[in-house]
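Work through these exercises with the model open. Each task is followed by a stepwise solution.

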Amino acid sequence: MSAHALAEPAGQATALRPISWKFPIVYSLLAVVSLVFFGLIGRDGQTTFRIATEGDFFAIPDVVVSSTAAGLVLSIILVAMAAVSIWFALRRVRLDSWFPMLFGVVFVLSFLAWAGGGSGGVIPMTTLLAGALALSVPLIFGAMCGLVGERSGIINIAIEGQLLAGAFLAAVVASVVRNPYAGLLAAPIAGALVAVVLTFFAVKYWVNQIIIGVVLNVLVVGLTNFLYSTVLTENAELWNARQRLPNLPIPLLSDIPILGRVLFDQNILVYIMYVVVIALQIFVFRSKWGLRMRAVGEHPKAADTVGIKVNLTRVRNTIMAGAIAGLGGAFFTVGSGLAFGKEMSAGQGYIALAAMILGKWNPKGALLAALLFGFSKSLGNTLQSIGTPVANELLLMLPYIVTVLAVAGFVGRVRPPAAEGVPYVK
């Protein structure tokens with residue numbers, strides 16, 4: 001927890017920061033929901049949390065808990081955390097980001113203990129987390145694409161189209177060459193080409209960037225649907241055969257219980273994602289390239305006066321960002337071993353934009369937001385497989401609910417780059 005000093009110089013009066021009740025109210029409501037529905041009412045029976053998988057360094061036994069008892073204990077913890085948040089709000093002290101993350105973990109565990117009860121459900125934790133990472137991969141690539149573009153001053157609504165174009169070209173090239181790695185190399189080219197069109201109209205002709213982004217999404221959907229119907233389906237064996245990137249387990253690390261299977265037994269595309277996120281976290285804030293990018297996104301006129309070519313910087317960065325999104329699209333096809341299907345990106349580009357906003361245009365924050373969206377989808381799939389009274393459709397709504405809250409600013413004050421979406425005229 002971090003406390004901001006409230007002391008003031010002698011003889012000077014400063015206004016106290018207003019008390020924010022937004023998060024304490026949310027914590028309190030969730031704690032009450034958990035206490036009533038997962039604890040006091042609860043479900044008779046036991047829930048088994050399966051942690052170990054075959055091949056781990058050492059076996060971790062299953063954790064079997066009483067659904068009602070676990071719900072009560074975890075709910076009491078949530079109530080205590082809500083009380084702590086109220087106490088700190090009264091003192092006008094801001095809680096660090098780890099507090100809502102911990103609160104969320106405890107709430108999810110309480111929910112899982114309740115959901116697995118009654119039928120003696122088994123919650124496969126490793127499978128749940130691995131599925132969350134897999135479903136997050138295109139979102140993470142898309143969020144990184146939007147981050148680089150908007151930090152440079154270009155609003156990129158076309159992430160959806162870039163993901164779909166990457167998926168299409170990756171599937172076609174991998175199928176023709178009979179090599180998934182060829183498709184992986186082709187995917188960023190497709191995303192970059194969409195970005196070329198975006199920057200051409202946004203920078204050269206000053207077309208509204210939101211409008212051109214939406215138009216590009218529609219264009220890519222129409223073009224890929226047409227080619228799918230007329231070419232790919234005519235000879236699927238040649239143009240749209242399934243090709244899958246093989247998993248490349250890292251020795252020793254992949255045998256670590258839980259995290260080993262989740263993080264270190266993946267294909268090369270996931271490892272590239274790790275590199276992209278880490279590299280952007282470093283270079284955006286600690287390199288000359290990152291300084292120039294943020295300068296043209298915040299104050300392009302000032303950047304121009306010190307010799308930075310504003311429009312050229314925007315074009316280069318947006319095209320590079322499009323290539324990143326194209327890699328994310330490859331996960332839909334060669335990354336998952338699937339043939340290309342119509343509109344298979346299914347709105348993931350828009351969710352990626354929400355993850356970027358929720359992450360406050362920061363690679364680390366966008367990563368966590370994308371993982372949250374992926375986890376909610378994986379949770380829905382897992383609970384559907386074990387059979388719970390919760391409708392799967394309700395769980396699938398969670399990413400979109402979080403999206404609305406993020407865009408509405410409920411998660412906290414967010415400030416986009418000052419010059420995003422504003423064409424620069426020298």
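Contact means heavy atoms within 4.5 Å. Helices are DSSP runs (H or I, at least four residues), numbered from the N terminus. This is a predicted model, in which local features need pLDDT of at least 70, side-chain atom pairs count only at pLDDT 80 or more, and totals for chains, interfaces and linings use all residues. Residues are numbered from 1 along each chain as its sequence is written, and side-chain values use heavy atoms, without hydrogens and water.

**Exercise 1. Describe how α5 and α14 cross, and list the residues that meet.**

Step 1. Find α5 at residues 159-177 and α14 at residues 348-358. Their axes come within 7 Å and cross at roughly 130 degrees. Axes are lines fitted to C-alpha atoms, for helices over the stretch in contact; angles run from 0 to 180 degrees between N-to-C directions.

Step 2. Classify the angle. α5 is therefore oblique to α14. (Under 35 degrees is roughly parallel, over 145 roughly antiparallel, 65 to 115 roughly perpendicular, and the rest oblique.)

Step 3. List the contacts. From α5 come Ile159, Glu160 and Leu163; they meet Gln348, Gly349, Tyr350, Ala352 and Leu353 of α14.

Step 4. Sort by class. The contact of α5 with α14 has 5 nonpolar, 2 polar and 1 charged residues. (Ala, Val, Leu, Ile, Met, Phe, Trp, Tyr, Cys and Pro count as nonpolar; Asp, Glu, Lys and Arg as charged; the others, Gly among them, as polar.)

**Exercise 2. Map the largest nonpolar core.**

Step 1. Fix the terms. A nonpolar core is a set of buried Ala, Val, Leu, Ile, Met, Phe, Trp, Tyr and Cys residues joined through side-chain atoms within 4.5 Å. Buried is under 20% relative accessible area, exposed over 50%, partly exposed in between (1.4 Å probe, protein chains only).

Step 2. Find the hubs. The largest core has 67 residues, and Phe141, Met144, Leu269 and Phe340 have the most contacts inside it.

Step 3. Assign elements. Among those giving two or more residues are α4 (125-151), α10 (268-286) and α15 (363-386).

Step 4. Inspect one hub. Beyond its neighbours within four places in sequence, Met144 contacts residues including Val276, Leu280, Ile324 and Leu367.

**Exercise 3. Which loops hold Arg92 and Lys360, and what is the sign of phi in each?**

Step 1. Arg92 lies between α2 (67-90) and α3 (98-115). Lys360 lies between α14 and α15.

Step 2. Arg92 has a positive phi near 60 degrees. Phi of Lys360 is also positive, about 55 degrees. Most residues other than glycine have a negative phi.

Step 3. Arg92 is partly exposed, because its relative accessibility is 23%. Lys360, at 43%, is partly exposed.
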